[in-house]
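Thanks for coming. I have one structure to go through today, so please look at it while I talk.

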Amino acid sequence: ATPTALLVGTGRGAQLGILIKGPEVLESTRRVDTVVLDKTGTVTTGRMTLLAVHAADGTDEAEVLRLAGALEHSSEHPVARAVADGALRKLGALPVPEDFANVPGLGVQGVVEGRAVLVGRERLLADRSMELPAELARARAAAEDAGRTTVAVAWDGEARAVLEVADAVKETSAEAVRRLRALGLTPLLLTGDNRAVAESVARAVGIEEVIAEVLPQDKVEVVERLQAEGRSVAMVGDGVNDAAALARADLGLAMGTGTDAAIEAGDLTLVRGDLRAAADAIRLARRTLGTIR
Ligand code: ADP
Ligand code: MG
């Protein structure tokens, strides 16, 4: 990726909502044969909502919302927004955590009302030797089969609840995948989310290859592995967790609706956050360089 923050729009590119960092980007754009798509915020809207709270036997649902909501209120993650907004809507107000830390790609941890609270992937709990009781494991499996993301809540060393959140696939994503395929590119879905959710999104937009449950720092390794196979890789992403992979890819495309870190790391910005512009950019580059394939 080009180490400059200067965005240069070519005339036609700017019309299509594509900003290019420099003319040298066109050459790599022409060559790519594989396109890695981040899920949350790229293929999906990233605007999640809290759909359900499953509390363990003997656990109070309002307490789950209060403690989890308080902690997630300090995080910018789309899942965190959904949990905090859902909790605020139900309770009206949330306590302020005494301590808070992000655990990238896994969730958040902190102290609320004197309790050590964790909110995030089941793996976050498993890493601390906690497991879901049977009734929560069942709720989680059913929710994930339905294509929802689940988040586990624990405090004082015990798993207490599973929250269900969901995110909608962007209306333009399936058409974008068709256009990318029509240009001869192989699409791949890459996400930190769980496999069942990732597969349901992939199915909805027509992607066959799915790489799920990848930690933020490992996304760049997925790009490197594809490059080692001789592929020329475009990566499309929006999050802080995509920045390293965007920089390493032969072509990094950032969602203009995403984080500054992603935009800085990319070679190209899709201003409107419309994935179809990724296909437009590649077609435009090939045409500009006189090599339509
Ligand atoms: P993606 O790769 O699709 O953009 P992320 O790497 O940002 O997704 O997140 C991966 C998963 O980690 C999420 O689906 C969620 O389960 C969990 N997660 C990350 N941050 C949080 C958080 N603040 N609260 C709850 N869960 C989180
Ligand atoms: Mg994302």
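I will take the domains, then the ligand, then two helix pairs.

Before that, a caution: this is a predicted model.

Let us start with the overall layout. The domain assignment splits the protein chain into domain 1, covering 11-45 + 168-288, and domain 2, covering 49-166. You can see that domain 1 is written as two stretches of the chain. The centres of the two domains, taken over C-alpha atoms, are 30 Å apart.

How many residues of domain 1 are in contact with domain 2? There are 11 of them, and they meet eight residues of domain 2. On the domain 1 side, helix H3 (39-43) and helix H9 (195-205) each give at least two residues. H9 has the largest share, with three residues. Sorted by class, that side of domain 1 has six polar, four nonpolar and one charged residues.

Now the ligand. Ligand 1 has 23 residues around it, and the nearest are Thr40, Ala80, Thr191, Gly192 and Asp193. Which domains supply this shell? Domain 1 and domain 2 each contribute at least three residues to it. As for the elements, at least two residues come from each of H3, helix H5 (78-91), strand S5 (107-112), strand S6 (115-120) and strand S7 (149-155). So H3 appears again here: it is on the side of domain 1 that touches domain 2, and it is also in the shell around ligand 1. The shell has 11 polar, seven nonpolar and five charged residues.

Next, helix packing. Two packed helices are described by the angle between their axes and the distance between the axes.

The first pair is helix H4 (residues 61-72) with H5, the helix we just met at the ligand. The angle is about 130°, and the axes are 8 Å apart. H4 and H5 are therefore oblique to each other. The crossing of H4 past H5 is left-handed. H4 uses Ala62, Leu65, Arg66, Ala68, Gly69 and Glu72, and these meet Ala80, Val83, Ala84, Ala87, Leu88, Lys90 and Leu91 of H5. That contact has nine nonpolar, three charged and one polar residues. Note Ala80: this residue is in the contact with H4, and it is also among the residues that come nearest to ligand 1.

The second pair is helix H8 (residues 173-182) with helix H13 (residues 276-288). What is the angle between H8 and H13? It is about 20°, with the axes 7 Å apart. Because angles under 35 degrees count as roughly parallel, H8 and H13 are therefore described that way. H8 also passes H13 in a left-handed crossing. The contact involves Glu175, Ala176, Arg179 and Leu180 from H8, and Arg276, Ala278 and Ala279 from H13. Those residues are four nonpolar and three charged, with no polar ones.

That is the end of my part.

How values were computed: Residues numbered from 1 in each chain as written. Chains lettered and ligands numbered in written order. Predicted model: local features only at pLDDT ≥ 70, side-chain atom pairs only at ≥ 80, totals over all residues. Axes fitted to C-alpha atoms, helices over the stretch in contact; angles between N-to-C directions. Helix = DSSP H or I, 4+ residues; strand = E, 2+ residues; numbered from the N terminus. Parallel < 35°, antiparallel > 145°, perpendicular 65-115°, else oblique. Left-handed = near helix turned anticlockwise from the far one by under 90°. Contact = placed C-beta atoms within 7 Å. Nonpolar A, V, L, I, M, F, W, Y, C, P; charged D, E, K, R; others polar. Domains from an automatic or database assignment. Near = placed C-beta within 6 Å.
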